[in-house]
Structure formats: structure tokens, C-alpha cells
Amino acid sequence: MRHETHVNHSDHSEHGHHAHHGHAQGPGKASWGMAAKATLHCLTGCAIGEVLGMIIGTALGWGNAPTMILAIALAFFFGYSLTLWAVLRAGLTLKAAIGVALAADTISITVMEIVDNGVLLLVPGAMDAHLADFLFWGALAFAFLVAFVVTTPVNKWMIGRGKGHAVVHQYH
């Protein structure tokens, strides 16, 4: 779907970026598929960081609070890193890429982290489970699933307004 202001011309060189037809480039309709892909992208980075943080904290015998703080910090780090990597490959400067990553991922990662950590806190025994326990991995997978379900409509709403992952799509 093309943004209405782009319909009547085909040269996008004056915009300073590589516009890609088929992606929202500003306010407009966002499909559930587009929102799901954006959420999966975000979830991938969050999951890498969160699992790594939980493994490190659990392996070091840290308490729940420091483990959760590390997991959340790493979720943001890896979430932003995946977007940075993609837009740097598209030719953006590091400064511009950081701006795009912050704009694209901050709300999505924040919602995802609130939801999945909230779920982990609500699952009895999940925060005290060890790496070798099924409860540890089962609760984490369940938390990611719930976070995906809750965050997808948020991403759909943001993309439809030209925010969130809509700012990344113009560089693909």
C-alpha cells in the first residue's frame, strides 16, 4: 500500500531514502500481517536479550529483581541492535540508524517487556525456576506468546499512523 502523497509520482530520490512500494511510509492502513511481522522482529530481539539475561542471572544465582533488570536491559539492547543492523545495511549513518531504531522499537519493546515480565511474575514458581526446569522454559515461552498477542495490535496502530516499524520499512 502506498501512502497517498506518493501515488502520483514514481521518483523517490528527493526523499533521501530508498522508498519501497508495498510498505506503509506514513499514515494509512496497516495490515495485520505487517503488524505481526513487525512484532516478530521485535520479539526476536527481545527474546534473545531476555533469555540471555535470564540465563546469566539464573546461572549466577542472582535474585529475581537483578535478573529481571538484566534481562530487560538486554532485551532493549538486542531489540534495537536488530533494527540498527538492518538500517545500517541500507546505508544510513550510525546517528540516523540510532534515531530510526529508537523511533521504530521503543514503544513495541516497552509493551512487550511489560507484558512478558508481568506474565512471568504471575505464573506461580516461574521466577524461582531453574534453567533445567520445564517451568522456566514453558513460562518464558508462554510469556512471549502473550506479549506477541498484546503487542501486535499496538504495532498495527502505530504503523497505521506512520510510527513504529513504518519508519524502518522505508529503508528496506
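Which residues in α2 are buried? They are Thr 67, Met 68, Ala 71, Leu 74, Ala 75, Gly 79, Tyr 80, Thr 83, Leu 84, Ala 86 and Val 87. Keep in mind that this is a predicted model. Here's a quick tour, starting with the whole chain and then moving in on a few spots.

**The whole chain**
- You'll find five helices and zero strands here, so going by the definition of these elements, the chain reads α-α-α-α-α from the N terminus on.
- The chain has 172 residues, and 43% of them count as buried.
- Take the contacts with a separation of 6 or more: 70% of them are between residues 24 or more positions apart.
- About 8,900 Å² of the chain is exposed, with carbon and sulfur atoms supplying 71% of that area.

**Helix α2**
- Helix α2 covers residues 64–89, which makes 26 residues.
- At 1.5 Å a residue, α2 should span 38 Å, and its end C-alpha atoms sit 37 Å apart, so the two values agree.
- An α-helix has 3.6 residues a turn, so residues three or four places apart point the same way.
- Among the buried residues of α2 are Thr 67, Ala 71, Leu 74 and Ala 75.
- After α2 comes Gly 91, and its phi is positive, near 105 degrees.

**Thr 67, a buried spot in α2**
- Thr 67 belongs to helix α2.
- Its relative accessible area is 5%, which is why Thr 67 counts as buried; the cut-off for buried is under 20%.
- Setting aside neighbours within four places in sequence, Thr 67 is in contact with Gly 53, Met 54, Gly 57, Thr 58 and Trp 62.

**Leu 60 and a nonpolar patch**
- Leu 60 lies in the loop between α1 (32–59) and α2.
- With a relative accessible area of 54%, Leu 60 is exposed, because exposed means over 50%.
- Leu 60 also helps make a nonpolar surface patch of about 350 Å², together with Leu 52, Ile 56 and Trp 62.

**Met 127, a buried loop residue**
- Met 127 sits in the loop between α3 (94–122) and α4 (134–160).
- Being in a loop doesn't leave Met 127 exposed: at 16% relative accessibility, it counts as buried.
- Not counting residues up to four places away in sequence, Met 127 touches Asn 64, Met 68, Leu 120 and Leu 121.
- Met 68, one of those contacts, is itself among the buried residues of α2.
- Met 127 and Ala 65 are 62 residues apart in sequence, yet their C-alpha atoms are 9.6 Å apart in space.

How values were computed:
Residues numbered from 1 in each chain as written. Predicted model: local features only at pLDDT ≥ 70, side-chain atom pairs only at ≥ 80, totals over all residues. Heavy atoms only, no water. Helix = DSSP H or I, 4+ residues; strand = E, 2+ residues; numbered from the N terminus. Expected span 1.5 Å × (residues − 1). Buried < 20%, exposed > 50% of the residue type's maximum accessible area, 1.4 Å probe, protein only. Patch = residues over 30% accessible without salt bridge, like charges linked within 9 Å, V, L, I, M, F, W, Y side chains within 5 Å. Areas by Shrake-Rupley, 256 points an atom, 1.4 Å probe, with all protein chains shown as cover. Salt bridge = Lys/Arg side-chain N within 4 Å of Asp/Glu carboxyl O. Contact = heavy atoms within 4.5 Å.
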